[in-house]
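Here are some notes for a colleague who is meeting this model for the first time. They are meant to be read with the structure open alongside.

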Amino acid sequence: EESEFVRPPARKGAVLNLHNTKNLRLVITKPQEYSEAQQIVEHIKNRKPVLVNLEETGKEESKRIIDFISGATFALDGNMQRVSQQIFVFAPSQVEVNAEVRKELTERGVAATFEE
């Protein structure tokens, strides 16, 4: 007798809009080395959105960092949004980063919006 394993659909909780949530804190990071990527993923696992600024990171290191974080974010059912060429927002599954938030981050130059 053959049986087929059917994976149940992933359960997702309520989605929080990053723009409308007052108590939700965005973690700001400026990783310099690939070894820092794991700590960034830990924030996402702990349901915290993370802004990753790679403007001062080398090209090869940046690629490795983004590959690792985006893969882990995908595995956690999260999402990634590019704010600028070297700035990204990674959010857990229950946090939504909409176009309005991306526009605001871009207009404010990110650094003016958030303190490190």
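**Notes on the model**

1. Phenylalanine 68 is partly exposed, with a relative accessible area of 31%. That value, like every other one in this note, is computed from a predicted model and should be read as such.

2. How many aromatic pairs does the structure hold? There are 2 of them, and one joins phenylalanine 68 to tyrosine 34 in an edge-to-face arrangement, with 5.8 Å from centre to centre and 80 degrees between the planes. Because tyrosine 34 belongs to the loop between strand 2 (27-29) and helix 1 (37-45), while phenylalanine 68 belongs to helix 2 (residues 59-75), the pair ties together parts that are 34 residues apart in sequence. Tyrosine 34 is itself partly exposed, at a relative accessible area of 29%.

3. The other pair is made by phenylalanine 88 and phenylalanine 90, whose rings are tilted, with 35 degrees between the planes and 6.3 Å between the centres. Phenylalanine 88 counts as buried at 5% relative accessibility, and phenylalanine 90 counts as buried at 0%.

4. The ring of tyrosine 34 has a further neighbour to inspect, since arginine 64 lies over its face, at 4.0 Å from the ring centre.

5. Which strands make up the sheet, and in what order? It is an open sheet of 4 strands, arranged 2-3-5-4 with mixed pairing. Strand 2 and strand 4 (79-84) stand at the edges with a single partner strand each, so one side of each has no neighbour in the sheet. From one strand to the next, the twist averages 20 degrees.

6. Within the sheet, strand 3 and strand 5 pair in the antiparallel sense over 4 bridges, and asparagine 53 can be found opposite isoleucine 87 in strand 5.

7. Both helices can be placed relative to these strands. Helix 1 lies across strand 2, strand 3 and strand 5, and runs at about 160 degrees to strand 3, whereas helix 2 lies across strand 3, strand 4 and strand 5, and runs at about 25 degrees to strand 5.

8. The largest nonpolar core has 14 residues, of which Ile40, Ile44, Val50, Val52, Leu54, Ile69 and Phe90 touch the most other members. At least two residues of this core come from each of helix 1, strand 3 (50-53), helix 2 and strand 5 (87-91). Another core, of 8 residues, lies apart from it and includes Leu51, Ile87, Val89 and Ala91.

9. Isoleucine 40 gives a useful view of the surroundings of one core member: with residues up to four places away in sequence not counted, isoleucine 40 touches Thr29, Pro31, Val50, Val52 and Ile69.

10. Is histidine 43 buried or exposed? Histidine 43, which is placed in helix 1, has a relative accessibility of 18%; the limit for buried is under 20%, so histidine 43 counts as buried. Its contacts, leaving aside neighbours within four places in sequence, are Val27, Lys48 and Val50.

11. Leucine 26 sits in the loop between strand 1 (16-17) and strand 2, and counts as buried at 15% relative accessibility. The C-alpha atoms of leucine 26 and proline 49 are separated by 5.3 Å, although the two residues are 23 residues apart along the chain.

Note on methods. Residues are numbered from 1 along each chain as its sequence is written. This is a predicted model: local features need pLDDT of at least 70, side-chain atom pairs count only at pLDDT 80 or more; totals for chains, interfaces and linings use all residues. Side-chain values use heavy atoms; hydrogens and water are left out. Rings of Phe, Tyr and Trp (its six-membered ring) pair if their centres lie within 6.5 Å; planes under 30 degrees apart count as stacked, over 60 as edge-to-face and the rest as tilted. Buried means under 20% relative accessible area, exposed over 50%, partly exposed in between (1.4 Å probe, protein chains only). A charge sits over a ring if NZ of Lys or CZ of Arg is within 6 Å of the ring centre and within 35 degrees of the ring normal. A nonpolar core is a set of buried Ala, Val, Leu, Ile, Met, Phe, Trp, Tyr and Cys residues joined through side-chain atoms within 4.5 Å. Contact means heavy atoms within 4.5 Å. Two strands pair if DSSP finds at least two bridges between them. Axes are lines fitted to C-alpha atoms, for helices over the stretch in contact, and angles run from 0 to 180 degrees between N-to-C directions.
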